[in-house]
Amino acid sequence: MDNLLPKKVWATAALWFMVALYGIPVLWFLLSSFKPAGELFSYPLTIFPKHPTISGFTEAWTSFDFSRYFGNTLIVAVSATLITIVTSATCGYALAKYTNWWLRAFTICILATTMLPGEVILSPLFLIVRDLGLYNSLAGVVAPSVITATGTFMFRQFFLSVPRDLLEAARIDGSGELSSFIRIMLPLSRPIIMTLAIMSFQWRWNDYIWPLVILNDPKEFTLQIGVASIVGAENVNWSVLLGASVLSMIPLVVIYLIFQKYVMNADLSAGLKE
Amino acid sequence: MVDSIPRAAGRAEDTPDRSGPRRWPRRRSRRGHRYTLVPLLLISSNLALFLLFFVWPAVIGVGYSFTSYTGVGSAPFVGLDNYQRLLNDDAFYAALIRSLIFTAAVVPLTFVAALSAAVLLVSPHSRGKPIARVVFFVPWLISPIIAGVIWRWIFGENFGLVNYVIMALGGEAVPWQSNGNLSLAIVIIASAWGNTAINMLMFVPAIKNVPAAYYEAASLDGAGSWAKFRHITLPSIAPTSFIVILLSTLGAMKEYALFQAVNGGGPGTENNLLIQYIFTTGFRRAQVGYASAASFVLMLLLMVIAVVQLVINRRKDS
């Protein structure tokens, strides 16, 4: 029994060591963003800002078209998320509850999309989206990013776990296939919908390379492109960069804090492990 | 309704995992065959997107790789010229080798970090788990661009926290930005830092699903914590470990945004990885044909990596 105390100490110490590793970079970044420009580089560095200010934030907000970037990113993230949920839920349901050779083949095709990410086919994908007339539009950012193996397999796995009897009973009651899906199955899958929603929102909010390729007009830029343009400048304006970076993170942090439990309970690898 | 995720996921995991991939159609009744139109309708949106944004670009990408297409006008056929050029292109080799080094470093680091975090979060001995869980997850929320900015800020050469501490302790400022290898090391740290949470999330349910009876039996035999971890936990979570390694490898091979934010792929072009190489040739220089050839090589490489890992995984199983 005397073995138990050191174990507790070790495990707790290790846990908090990792918390420090993961937390301190963010904390230092946040604290720095409240320092006035002059204080950022003046030695000796202090942990807390001596003269806390929000000038970095206001400067970032005014010197760039930040509100527009926010709006664009929000449009992309929300619409992509909604479409992702609809397509993943319907497809995952079909793959779970129906048997056909072509459904099995399509299951493998969807799996293959994880193996071959969009970055690999960047230039031909760009040409196609351009030829569809979606260049320089937010729709062009959303359309190719909607299909997701993770989402489809999360739903497939969930619907596999729903007893067949439920569907059979609905069929006996004369309920049509689609109406049983919408009335019975979809409401059941609410936790999956929530999990995929927050994940998809995070993916699209943080996307960089695809929006960068497809958007040319600064009016259509998303937040990540906006922030990256500050980083790419000849002389980085750190005060503005810190402010802009922190601002761009706020919506995700808020959403995460509200829907935390849905992320924490997700079993992402369940469907892929087979 | 809310707490039905873990139960449902656990149950779902039990059935297909044990029965193996080939037996899953057995679960369906013969009556399923009657339906063609409904499932076709249900998968139609995903099928259309798959054909339009995945199959089609892959096909025309391979096609363009045999031409000198520039994105506009005609696409003159040049045979294997692009591939021959690629074989002699030092910049391509440099990007390829840099990508492989990056992957070889970042995957084990992410794996160990994610597994340690998961073990500590599941362990009954550690205190402060609710806070730790939230802190571990913050890097997941942060985009690669912002994560790059955060680490660039910490490892700034003339102003960074790390160099300040080193100098305060009497050391010399380390050239984090102007030395290519140190720059790569920062991206490796930043990448592992950012990818830990999502992989940890895969490990947590896997570790929880290990039957407690195994541990109890091992305790009776006098096994220590490390022995239990080594001989019970690790083998039990092997399928999850496989997925984590596979997905991390594929993810590392296509890293781009993080490099952009940390050092713009620099110093110079030293840390230009494959995606950046493809991006630069395809978009900045408009050599679509040549970039497509490079893409195709990357595609083959990813497939080889996936197949090799699958084979190793299968062999270990049997």
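**Two helical chains and the contact between them**

Let me start with chain A, which has 14 helices and 0 strands; please keep in mind throughout that this is a predicted model. Read along the sequence, its pattern is accordingly α-α-α-α-α-α-α-α-α-α-α-α-α-α. The radius of gyration of chain A comes out at 23 Å, well over the 19 Å that the globule rule gives for 274 residues, so the chain is more spread out than a compact globule. The box filled by the C-alpha atoms of chain A, taken along the principal axes, is roughly 75 × 70 × 30 Å.

As for burial, 48% of the 274 residues of chain A count as buried. If we take the contacts in chain A with a separation of 6 or more, 75% of them are accounted for by residues 24 or more positions apart.

Now to one helix pair within chain A. Helix 4, residues 66-97, and helix 8, residues 149-161, pack with their axes 7 Å apart and at an angle of about 45°. Angles from 35 to 65 degrees fall between the roughly parallel and the roughly perpendicular classes, and helix 4 of chain A and helix 8 of chain A are therefore oblique to each other. The crossing of these two helices of chain A is right-handed. On the side of helix 4 of chain A, the residues making the contact include A:T84, A:S88, A:G92, A:Y93 and A:K97, while helix 8 of chain A contributes, among them, A:F153, A:M154, A:F155, A:R156 and A:F159. Sorted by class, this contact between helix 4 and helix 8 of chain A has 10 nonpolar, 5 polar and 2 charged residues.

Let me turn to chain B, which also has 14 helices and 0 strands, and which follows the pattern α-α-α-α-α-α-α-α-α-α-α-α-α-α along its sequence. Of its 318 residues, 43% count as buried. For the contacts in chain B with a separation of 6 or more, the share that comes from residues 24 or more positions apart is 68%.

Finally, how many residues of each chain take part where chain A and chain B are in contact? On one side there are 84 residues of chain A, and on the other 95 residues of chain B. Within chain A, the element that gives the most to the side touching chain B is helix 1, residues 4-33, with 16 residues. By class, that side of chain A is made up of 55 nonpolar, 20 polar and 9 charged residues. I have described this interface by residue counts, although the size of an interface is often given as the accessible area lost when the parts come together.

Conventions
Residues numbered from 1 in each chain as written. Chains lettered and ligands numbered in written order. Predicted model: local features only at pLDDT ≥ 70, side-chain atom pairs only at ≥ 80, totals over all residues. Helix = DSSP H or I, 4+ residues; strand = E, 2+ residues; numbered from the N terminus. Rg over C-alpha atoms; globule rule 2.2 N^0.38 Å. Buried ≥ 20, exposed ≤ 12 C-beta atoms within 10 Å, placed from the backbone. Contact = placed C-beta atoms within 7 Å. Nonpolar A, V, L, I, M, F, W, Y, C, P; charged D, E, K, R; others polar. Axes fitted to C-alpha atoms, helices over the stretch in contact; angles between N-to-C directions. Parallel < 35°, antiparallel > 145°, perpendicular 65-115°, else oblique. Left-handed = near helix turned anticlockwise from the far one by under 90°.
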